[in-house]
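Colleague: I've got the file open and I'd like to grill you on the labels. Ready?
Modeller: Sure, load it up and ask away.

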Amino acid sequence: MRGALGVPLTEVGPLLRATGDRLTDIVRGNGGVVLTGHEALGAKRVGDGLWSVQVRRLADGHVFEQLARNIVVATGGHQPLDRLATQRVAGAGLMELASGRLLQSDDVLTTGGFEKVADILTGKRAPKIAVIGGSTSALTTIALLLKSQPPLPLGAGAITLLHRKPLRPFYHSVEAAHAEGFTDFGADDICPVSGFVYRLAGFRLEARDLVLRMLGIDGRVPDPRVALHRITGDDDAVARAAIAEADLVIAALGYRPIAMPIADRDGAQIPLAAHDGKPMVDRHCRIVDDQGAPIPGLYGLGLAAGFVPWGALGGESSFSGQANGLWLWQNDVGLMIIDQVMASKALAAA
């Protein structure tokens, strides 16, 4: 995949498993312990610079405590159902507009998801689908619906993508973008480290292919089955109508972190920023409380952690949101955490 725009997750899985096996051998060979088949129930502060993690062995339910000076939370992300209850689109409540016709993109993209969609649309001769969101999951969901077999009976304008931000494709360089006639970017949209155009905000792989086609870049012809609508504000009647009239509404509103329970010495839960819908970590990958203060010894990375690259890590200055990517986590972001852990260890030794 060298030189490609990314690696499909189906191709990444075997590599990650092999990497995990090798890493396990290295850790155990140097006197460490790798606990597979266990789950962390929570962590509690038990002293200055010391935490106790409650761990359960899944085989028999045995629970024990594991002491640690540093904890890295990499528990992934999810799409919480309770978020939908308060979500508003174009000035109206999403649950009210969708009225029992609502799925989340994760439901569609997981194994068996397309079959679920096909079952919901059974009997609809010309189904209408509204996809809400401008994230990779939104575009990937549409790509799945367009190419899956057996095909859905999708006519012209069957799928409407409702998004707030402009849809941007990733390019390896300014020259590559200009070669295709794409000029919708400025100096703030170029990564100063790599020279990539929309390094963080730009779509890649099949999501990028769909965006390029829908924007008609370099002579591409938009797919007639898909319509784009950029939501203009709370008074956008077109957006509300697209949701109300759809046979199926798919919410692709991103992911929230699966935050591990963290308690103080007295057992009281420490309120985290992640609990308030804010990024779980700060710019140094330190987990922060609801006031934005880092909690010593706690770090986080991975899907929905909320980290945004900066400085030597690169990324365009115009980017807003969070950056997710295995390359980041396994390279510069992971190294940032390692450097802090090693620095604290050296300080404790001194």
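Modeller: Buried here means under 20% relative accessible area, exposed over 50%, and partly exposed in between, using a 1.4 Å probe and protein chains only. It's a predicted model, so local features need pLDDT of at least 70 and side-chain atom pairs 80 or more, while totals for chains, interfaces and linings use all residues. Residues are numbered from 1 along each chain as its sequence is written, and side-chain values use heavy atoms, with hydrogens and water left out.

Colleague: Which residues of helix α8 are buried?
Modeller: A207, R208, L210, V211, L212 and M214, in a helix spanning residues 205-214. Helices are DSSP runs of H or I with at least four residues, strands are runs of E with at least two, and both are numbered from the N terminus.

Colleague: What makes R56 and E39 a salt bridge?
Modeller: The rule asks for a side-chain nitrogen of Lys or Arg within 4 Å of a carboxyl oxygen of Asp or Glu. The closest N and O atoms of R56 and E39 are 2.4 Å apart, so the pair qualifies. R56 sits in strand β2 and E39 in strand β1, 17 residues apart.

Colleague: Why is R56 called partly exposed?
Modeller: Because its relative accessibility is 31%, between the two cut-offs.

Colleague: And why is D282 called buried?
Modeller: D282 has 16% relative accessible area, so it falls under the buried limit. D282 also meets R286 in a salt bridge, at 2.8 Å from N to O.

Colleague: How do you know that R101 has no salt bridge?
Modeller: The nearest side chain of opposite charge, D247, is 6.9 Å away, so R101 misses the cut-off.

Terms used
Lys and Arg count as positive and Asp and Glu as negative; His and the chain ends are not counted.
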